[in-house]
Amino acid sequence: DRDVTGVQTCALPISRQRQQQRRCCAPAAGVPTVYCTTGPKGSLEFEAAAEALSEAIAGVRQYAQEAGVAILIEASNPLMAHTTFVHRLADVVAVARQAQIGICLDFHATWTESGLYRSIVEAGPLLGLVQVSDFVPEQFSLGRDPLGDGILPIEKMLRATLETGYSGLIDLELFRRPADSAYDDTVRSLNWLQDLLDRLGV
């Protein structure tokens, strides 16, 4: 279900009943953080879609705050416009501030944008999750490749993220991997990430 935060393909907020159904799940499961995309903007302009999201998520946000659950949004590749209207970290920061929610920083979705390190600083106080992966240019661009195999500036991005004071979870995100190498890819990436964190003094 891709309209979880409130803006559907028709750019209308989800119903109060559906909000109620969803907001009961995370606290009951003991989940401290929920991250998602914004949902598509339909025919709305960006600013109007951001306002619609802010209004639609207000009730869920209040409930989540009372239950101790953080709500985060993330940027996604523009090819995923059917699930979100934010494709740059700078826009995620603006939308999250307006909606009074947090941010999931997906390295893969944001590493090519201009002003990236300035945006990471801006995002710092709102960060609730960081996702790391790599990108091998010869591979399908929406995949998430093992750490160290590609060209993402992971060390520089992670250093900048940690310098904001972030001390939360770092999520290894791998998918579209061959089944016969998925386990080894995961172990290798975790070891690569641990080595990096050791170098960064974490």
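Start by colouring the chain by secondary structure and follow it from the N terminus: the elements run α-α-β-α-β-α-β-α-α-β-α-β-α. That comes to 8 helices and 5 strands. Keep in mind that you are looking at a predicted model.

**The whole chain**

Switch on the surface. The accessible surface of the protein chain is about 10,200 Å², and 52% of it belongs to carbon and sulfur atoms. Now hide the surface again and think about what is tucked away: of the 202 residues in the chain, 43% are buried. How are the contacts spread along the sequence? Take the contacts between residues at least 6 apart in sequence, and you'll find that 72% of them join residues at least 24 apart. You'll meet some pairs that are well separated in sequence on the way.

**Stop 1: the largest pocket**

Select Ser 76, Asn 77, Met 80, Asp 106 and Arg 144. These are the lining residues that lie nearest the centre of the largest pocket, out of 26 that line it. The pocket itself has a volume of about 530 Å³.

Which elements give two or more residues to this lining? Select strand E1 (33-36) and helix H5 (107-110), and you have them. Helix H5 gives the most, with 3 residues. If you colour the lining by residue type, you'll get 9 nonpolar, 9 polar and 8 charged residues.

**Stop 2: Thr 110, in helix H5**

Stay with helix H5 and click on Thr 110, which sits in it. Is Thr 110 buried or exposed? Its relative accessibility is just 1%, so it counts as buried, the cut-off being under 20%.

Show the side chain. A polar atom there lies 3.0 Å from the backbone oxygen of Asp 106, and Asp 106 is one of the residues you just selected near the pocket centre. Next, display the company Thr 110 keeps beyond its neighbours within four places in sequence: it is in contact with Ala 75, Leu 89, Leu 105, Leu 116 and Met 157.

**Stop 3: helix H4 and what follows**

Leu 89 is a handy stepping stone, because it is also on the list of buried residues of helix H4. Select the full list: Leu 89, Val 92, Val 93, Val 95, Ala 96 and Ala 99. What do they pack against? Show helix H3 (46-67), E2, E3, H5 and helix H6 (116-123), and you have the partners. While you are looking along the helix, here's a handy rule: an α-helix has 3.6 residues a turn, so residues three or four places apart point the same way.

Now step off the end of H4. Gln 100 lies in the loop between helix H4 (89-99) and strand E3 (102-106). Check its backbone angles: just after H4, Gln 100 takes a positive phi of about 60°. Most residues other than glycine have a negative phi. Is Gln 100 buried or exposed? With 52% relative accessibility, Gln 100 counts as exposed, since the cut-off is over 50%.

**Stop 4: Thr 83, on the other side of H4 in sequence**

Go back along the chain to the loop between strand E2 (70-73) and H4, where you'll find Thr 83. Unlike a residue that counts as exposed, Thr 83 is buried, with a relative accessible area of 2%. Add Gly 39 to the selection: the two are 44 residues apart along the chain, but their C-alpha atoms are separated by 4.6 Å.

**Stop 5: Ala 49, in helix H3**

Select Ala 49, which lies in helix H3. At 0% relative accessibility, Ala 49 counts as buried. Draw a distance from its C-alpha to that of Phe 85, and the viewer should give 7.9 Å for a pair 36 residues apart in sequence.

**Stop 6: Ser 189, in helix H8**

Move on to helix H8 (residues 182-199) and pick Ser 189. How accessible is Ser 189? Its relative accessibility is 0%, so Ser 189 counts as buried. Leaving out residues up to four places away in sequence, Ser 189 touches Pro 146, Leu 147, Leu 172 and Leu 174. Asp 145 is worth adding too: the C-alpha atoms of Ser 189 and Asp 145 are separated by 9.1 Å, with their positions 44 residues apart along the chain.

**Last stop: Pro 137**

Finish in the loop between strand E4 (127-132) and helix H7 (154-163), where Pro 137 has its place. Pro 137 counts as partly exposed, at 42% relative accessibility. Select Ile 151 as well, and you'll see C-alpha atoms separated by 7.6 Å for residues 14 apart along the chain.

Key:
Residues are numbered from 1 along each chain as its sequence is written. This is a predicted model: local features need pLDDT of at least 70, side-chain atom pairs count only at pLDDT 80 or more; totals for chains, interfaces and linings use all residues. Side-chain values use heavy atoms; hydrogens and water are left out. Helices (H or I, at least four residues) and strands (E, at least two) are DSSP runs, numbered from the N terminus. Buried means under 20% relative accessible area, exposed over 50%, partly exposed in between (1.4 Å probe, protein chains only). Contact means heavy atoms within 4.5 Å. Accessible areas come from the Shrake-Rupley method with a 1.4 Å probe; for residues, only the protein chains shown count as cover. On a 1 Å grid over the protein atoms alone, a cavity is a set of points where a 1.4 Å probe fits but cannot get out, and a pocket is an open set with protein on both sides within 12 Å along at least five of seven lines; lining residues have an atom within 4 Å of a point. Grid points are joined across faces, edges and corners, and a volume is the space filled by probe spheres set on the points. Ala, Val, Leu, Ile, Met, Phe, Trp, Tyr, Cys and Pro count as nonpolar, Asp, Glu, Lys and Arg as charged, and the others, Gly among them, as polar. A polar contact is a pair of N or O atoms within 3.5 Å; within protein, one must be able to donate a hydrogen and the other to accept it, and residues adjacent in sequence count only if both atoms are side-chain atoms.
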